[in-house]
Amino acid sequence: MLGALSLSLTDCSRKSPKMLYGSNCGICHHSGDGMPGSVPPLVGRIDKIASTPAGKQYLANVLMNGVSGPITATGQPYNAEMPPFRYLKDEEVAQILTWLSVRGTTQPAPEFSAQDIAAARANRISSGRVATERENLNKVTPLP
């Protein structure tokens, strides 16, 4: 019984991926379902986008540099600004993205490493350039 309690407390600890997501991303993206017309959903999309090296790089760039301008996600248009999350540690960002990826249907789910995030952190670009990266990626591999 003590082991089960320990596991449940670990999942809800301050540094668990779920808590990191909730206190940083969940403020806008809620449980991962987004908010129709305002904030795009993440669950069921992150795993698909991360299925290619270019997709993983794009997602790391989004978290490190933010993204701005219109996008289409799950067939719905969105026009919002997402700030960068550079204040988070590389490992924390990797945990959040991996946690979101695992919640999708891709098996095995793509995983992110701290090195993936560190590479994006080292390559500082504008949020508008991240949006252009998304457009170019979408032409090659249509994004959900």
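Glu-92 is buried, with a relative accessible area of 10%; here buried means under 20% relative accessible area, exposed means over 50%, and partly exposed lies in between (1.4 Å probe, protein chains only). The structure is a predicted model, in which local features need pLDDT of at least 70 and side-chain atom pairs count only at pLDDT 80 or more, while totals for chains, interfaces and linings use all residues. Residues are numbered from 1 along each chain as its sequence is written, and side-chain values use heavy atoms, with hydrogens and water left out.

## Salt bridges

Glu-92 takes part in a salt bridge with Lys-15, at 2.8 Å from N to O. The term denotes a side-chain nitrogen of Lys or Arg within 4 Å of a carboxyl oxygen of Asp or Glu. This pair links distant parts of the chain, since Glu-92 lies in helix H6 and Lys-15 in the loop between helix H1 (2–11) and H2, 77 residues apart. Helices (H or I, at least four residues) and strands (E, at least two) are DSSP runs, numbered from the N terminus.

How many salt bridges does the structure hold? There are three, and they are set out below.

| Salt bridge | N to O distance | Separation in sequence |
|---|---|---|
| Glu-92 and Lys-15 | 2.8 Å | 77 residues |
| Asp-116 and Lys-56 | 3.4 Å | 60 residues |
| Asp-90 and Arg-121 | 2.6 Å | 31 residues |

Asp-116 belongs to helix H7 and Lys-56 to helix H5, so that pair also links distant parts of the chain. Asp-116 is partly exposed at 28% relative accessibility, and Lys-56 is partly exposed with a relative accessible area of 22%. In the remaining pair, Asp-90 is in helix H6 and Arg-121 is in helix H7. Arg-121 is partly exposed, with a relative accessible area of 24%.

## Helices H2 and H6

In helix H2 (residues 17–24), the residues Leu-20, Tyr-21 and Asn-24 are buried. They lie on the same side of H2 because they cover an arc of only 100 degrees around the axis; the arc is that of the directions from the helix axis to the C-beta atoms. The buried residues of H2 pack against helix H3 (26–29) and helix H6 (90–102).

Ile-96 is placed in helix H6. Is Ile-96 buried or exposed? Ile-96 counts as buried, because its relative accessibility is 1%. Contact means heavy atoms within 4.5 Å. Leaving aside neighbours within four places in sequence, Ile-96 is in contact with Pro-17, Leu-20, Tyr-21, Cys-25 and Leu-88. Ile-96 and Tyr-21 are 75 residues apart in sequence, and their C-alpha atoms are 5.7 Å apart in space.

## Helix H7

Helix H7 (residues 114–122) has Ala-114, Ile-117 and Ala-120 among its buried residues. Seen down the axis of H7, the buried residues fall within an arc of 125 degrees, so they line one face of the helix. Gln-115 and Ala-122 are exposed and sit on the face of H7 turned away from its buried side. The buried residues of H7 pack against helix H5 (53–65) and H6.

## The hairpin and Arg-45

Strand E1 (residues 67–73) and strand E2 (residues 76–82) pair in the antiparallel sense over seven bridges. Two strands pair if DSSP finds at least two bridges between them. Ala-73 has Gln-76 in E2 as its bridge partner. The hairpin has two residues between the strands, and Thr-74 takes a positive phi near 50 degrees. E1 is mostly covered, with five of its seven residues buried.

Arg-45 is found in the loop between H3 and helix H4 (46–49). Not counting residues up to four places away in sequence, Arg-45 touches Pro-40, Ala-73, Thr-74, Arg-134 and Pro-144. Arg-45 is buried yet has no salt bridge, and the nearest side chain of opposite charge, Asp-47, is 8.5 Å away. In this comparison Lys and Arg count as positive and Asp and Glu as negative, while His and the chain ends are not counted.

What does the side chain of Arg-45 reach at 2.9 Å? The side chain of Arg-45 reaches the backbone oxygen of Pro-144 at that distance.

How values were computed: A polar contact is a pair of N or O atoms within 3.5 Å; within protein, one must be able to donate a hydrogen and the other to accept it, and residues adjacent in sequence count only if both atoms are side-chain atoms.
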